Amino acid sequence: FIQSPTVYIAQNKTSQPKGMALLVLGLMSLTHLSLSTIDAKEVLFLSVASFLFHSCTLMVLSMGWDFSAQVLSCKAQGLTLFYWLCLSLSPLLLYPALQLIQYSLPSLTLLIQMAIVGITILSISWQVLMIKLLYNISYLRSIAIYLFPFLFIVATFFLLVGMGISSILL
């Protein structure tokens, strides 16, 4: 998957990579704890809480992207998209290692920050690629599907702020 995500997704897009998805989610929940200073008693609770947080966040994003795809006349694939999105987080597992290097060698801060931005862009590009391949659509439509939930949230925020301001002024 990491070497050639396009080929891997195209060959396996009808399957749901549940095992790998759960592994990546589990590792993500542990990476958040790797640089924190917490008691051993709290590790299990915080690991489970982090796992549930990541799962719920990805599920909401999957539902938003699947809804956007269905509006554009694509077949519903929300659960499959959820599992594939979990895999798109795998580059983010490098964050703790990069942060440790940054703390150990402060002179490399700019280089580490550039690497973190690059890893984030890689993860986002994999998400757009997964949307493109799962729904069998163009890159432009997959980018539109990717951005729709975020634009909806921003529009809703401005609508609510506008309603609040108008109620204060009236």
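Mentor: Start with a term. A helix here is a DSSP run of H or I, at least four residues long, and helices are numbered from the N terminus. With that, you can place a residue: T80 is found in helix 4, residues 78-88. Keep in mind that this is a predicted model.

Trainee: How many helices and strands does the protein chain have?

Mentor: Seven helices and zero strands. From the N terminus on, the elements run α-α-α-α-α-α-α. The C-alpha trace spans about 55 × 50 × 35 Å along its principal axes.

Trainee: How do I judge confidence? What is the mean pLDDT of the protein chain?

Mentor: First the general idea. Where pLDDT is low, the predicted coordinates should not be read in detail. Now this case. The mean pLDDT of the chain is 85, and 94% of its residues reach 70 or more. Among the elements, helix 6 has the highest mean, 90. Helix 1, residues 5-12, has the lowest, 74.

Trainee: Back to T80. Is T80 buried or exposed?

Mentor: Buried means under 20% relative accessible area. T80 has 11%, so it is buried. Look at its contacts beyond four places in sequence: T80 touches K13, S15, Q16 and L134.

Trainee: Why is helix 4 described as largely enclosed by the rest of the structure?

Mentor: Because nine of its 11 residues are buried. Including T80, the buried ones are L81, F82, Y83, W84, L85, C86, L87 and S88. For the whole chain of 170 residues, 34% count as buried.

Trainee: Which residues have the most contacts inside the largest nonpolar core?

Mentor: The general idea comes first. In soluble globular proteins, nonpolar side chains tend to be buried together. In this model, the largest nonpolar core has 32 residues. Those with the most contacts inside it are L58, W65, L81, I131 and Y135. Five elements are worth finding: helix 2 (18-34), helix 3 (40-71), helix 4, helix 6 (109-135) and helix 7 (139-169) each give two or more residues to this core. Helix 6 supplies the largest share, 10 residues.

Trainee: Which residues is Y135 in contact with, leaving aside its neighbours within four places in sequence?

Mentor: D66, A69, C74, K75, Q77, G78 and L81. Notice that L81 is also on the list of core residues with the most contacts.

Trainee: Which residues does S142 touch, not counting residues up to four places away?

Mentor: V128, I131, K132 and I137. S142 is in helix 7. Its relative accessible area is 0%, so it counts as buried.

Trainee: What share of the contacts in the protein chain joins residues 24 or more positions apart?

Mentor: Among contacts with a separation of 6 or more, the share is 68%. You can also look at distance for a single pair. L22 and F51 are 29 residues apart in sequence, while their C-alpha atoms are 9.2 Å apart in space. L22 is in helix 2. At 48% relative accessible area, L22 is partly exposed.

Trainee: Now the outside. Which residues form a nonpolar patch on the surface?

Mentor: F67, V71, L72, F148, F152 and I153. Together they have about 600 Å² of accessible area. Helix 3 and helix 7 each give two or more residues to the patch. The largest share, three residues, comes from helix 7. Take V71 as one member. V71 lies in helix 3, and at 55% relative accessibility it counts as exposed.

Trainee: How is a helix read along its length?

Mentor: An α-helix has 3.6 residues a turn, so residues three or four places apart point the same way. Try that idea on the patch members F148 and F152.

Trainee: How much area does the protein chain expose?

Mentor: About 10,400 Å². Carbon and sulfur atoms supply 75% of that area.

Trainee: One more feature, the backbone angle phi. What is the phi of S73?

Mentor: Most residues other than glycine have a negative phi. S73 is not a glycine, yet its phi is positive, about 70°. S73 sits in the loop between helix 3 and helix 4. At 69% relative accessibility, S73 is exposed.

Trainee: And where is N136 found?

Mentor: In the loop between helix 6 and helix 7. N136 is not a glycine either, and it has a positive phi of about 55°. With a relative accessible area of 63%, N136 is exposed.

Note on methods: Residues are numbered from 1 along each chain as its sequence is written. This is a predicted model: local features need pLDDT of at least 70, side-chain atom pairs count only at pLDDT 80 or more; totals for chains, interfaces and linings use all residues. Side-chain values use heavy atoms; hydrogens and water are left out. Buried means under 20% relative accessible area, exposed over 50%, partly exposed in between (1.4 Å probe, protein chains only). Contact means heavy atoms within 4.5 Å. A nonpolar core is a set of buried Ala, Val, Leu, Ile, Met, Phe, Trp, Tyr and Cys residues joined through side-chain atoms within 4.5 Å. Patches are made of residues with over 30% relative accessible area and no salt bridge: like charges are joined within 9 Å, nonpolar side chains (Val, Leu, Ile, Met, Phe, Trp, Tyr) within 5 Å. Accessible areas come from the Shrake-Rupley method with a 1.4 Å probe; for residues, only the protein chains shown count as cover. A salt bridge is a side-chain nitrogen of Lys or Arg within 4 Å of a carboxyl oxygen of Asp or Glu. pLDDT is the predictor's confidence in each residue, from 0 to 100.
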